[in-house]
Amino acid sequence: MFGKCGDPQNAMKVFSTMARRDVSVWTAAIGAMAMEGNGRRALELFNDMLKQGVKPDEVVFVAVLTACSHSVHAISPHIVHYGCIVDLLGRAGLLEEVVDLIKCMPMEPNDVIGGTLLAACRTHKNIEMAAYAAEQISKLIIQRTGMHVLLSNIYASAGKWGVDVAKVRLQLKEKGIQKVPRSSSIEVNGVIHVFTSCGTGDTDTRTEQSHIALMLQEINSRLRDAGHIPDLDNVLLDVDEKEKEYLLSRHSEKLAIAFGLIGIGKGVRIRVVKNLRMCSDCHSFATLVSRIYEMEIIVRDNNRFHFFSQGLCSCSDYW
Ligand SMILES: [Zn+2]
Ligand SMILES: [Zn+2]
């Protein structure tokens, strides 16, 4: 193909004028980027291809992996390169292709790849695929409770109350995995404060607790005015709507953010560390707070960094 002629620049010129591009044309263009060692551009092309609805095959995977691995002077593709492709395929909703790719990886998938696939299943509401993914992953990393929590969140979000969630819970019990209590910590004026969802953690003075409760009330009413509706699917307990709303409002990162708003002056970032994955309601909470209160908020959960600023998050609401 045109990429093989040894002149990637010319090859790309030809590519840009082609009206009809099937998977082999895209593969050739990505191959041309591989020759240049331009992994970033190869990934961009791959993403463009997915966006245009062209189905990927193994040959194009190899081309992307080659381009990526050349760009970091590695001989064989690293797991991070597979991670990039899994991420792009997942965003495009090509879940079966993700599973095929994971199956033929020369190395064992790690928790990042598994988590990316699970998150994609959640976004595209594919319960069966999520169950498959979780089964594969749990074989590798049963010690990571966060994964199981993510899976049971998928079931719950899909409204499959009852059997499936019960099954997951049973599995957790059989494997002897206790649900880790969710907690968030925040540093204010050089002191680290820890919050858990069941209580206000180590801020044990009554005055502090009532300040946080008042702040949360204020935030929640401003969020409601801005059109925020609590996402009750995030509460896994089988209780009535009012109780769900209350429990949701007590999530540890919300308590920490409220505490940060009280104790941290304008222009200083609020930094919260969460031990498990952030739920979607806390995510939209932080997004809106960053806009309404004009504060920058950074939340590090067990999966990634979220940098909230002016009503947007660095993860583009995909995590
Ligand atoms: Zn939450
Ligand atoms: Zn985010």
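1. The zinc ion (ligand 2) sits in a tetrahedral site, with angles of 101 to 114 degrees among its four donor atoms. This geometry should be read with the reminder that the model is a predicted one. The coordinating atoms are NE2 of His283, ND1 of His306, SG of Cys313 and SG of Cys315, and they lie at 2.0 to 2.3 Å from the zinc ion (ligand 2).

2. Along the chain, the donors of the zinc ion (ligand 2) follow the spacing H-x22-H-x6-C-x1-C. As for the two cysteines, Cys313 and Cys315 are both buried.

3. Phe308 deserves a point of its own, since it belongs to strand β5, which covers residues 305-309, and since its contacts include two of the residues just discussed, His283 and Cys313. Beyond its neighbours within four places in sequence, Phe308 also touches Met278, Ala286, Thr287, Ser290, Met295, Glu296, Ile297 and Val299. Glu296 is twelve residues away from Phe308 along the chain, and the C-alpha atoms of the two are separated by 5.8 Å. Is Phe308 buried or exposed? Phe308 counts as buried because its relative accessible area is 0%, where the cut-off for buried is under 20%.

4. Ser290 is found in helix α14, which spans residues 280-292, and it is in contact with Phe308. Leaving aside neighbours within four places in sequence, the other contacts of Ser290 are Met295, Ile297, Ser309, Gln310, Gly311 and Leu312. With a relative accessibility of 1%, Ser290 is therefore classed as buried. Met295 and Ile297 are thus contacted by Ser290 and also appear among the contacts of Phe308.

5. A separate stretch of the chain carries an annotation: an unreviewed UniProt entry lists residues 22-56 as "repeat: PPR". In the model, residues 22-56 are 77% helix and 0% strand, and the C-alpha atoms at the two ends of this stretch are 10 Å apart.

6. Turning to the protein as a whole, its secondary structure consists of 14 helices and six strands. The protein has 319 residues, of which 48% count as buried, and it exposes about 16,500 Å², with 53% of that area supplied by carbon and sulfur atoms. Among the contacts with a separation of 6 or more, 63% are between residues 24 or more positions apart.

Notes. Residues numbered from 1 in each chain as written. Chains lettered and ligands numbered in written order. Predicted model: local features only at pLDDT ≥ 70, side-chain atom pairs only at ≥ 80, totals over all residues. Heavy atoms only, no water. Helix = DSSP H or I, 4+ residues; strand = E, 2+ residues; numbered from the N terminus. Buried < 20%, exposed > 50% of the residue type's maximum accessible area, 1.4 Å probe, protein only. Contact = heavy atoms within 4.5 Å. Areas by Shrake-Rupley, 256 points an atom, 1.4 Å probe, with all protein chains shown as cover. UniProt positions renumbered as here; feature names shortened; annotations may be inferred. Donors = N, O, S within 2.8 Å, 3.2 Å for Na, K, Ca; no water. Tetrahedral: all angles 85-135°; square planar, octahedral: opposite > 155°, others 65-115°.
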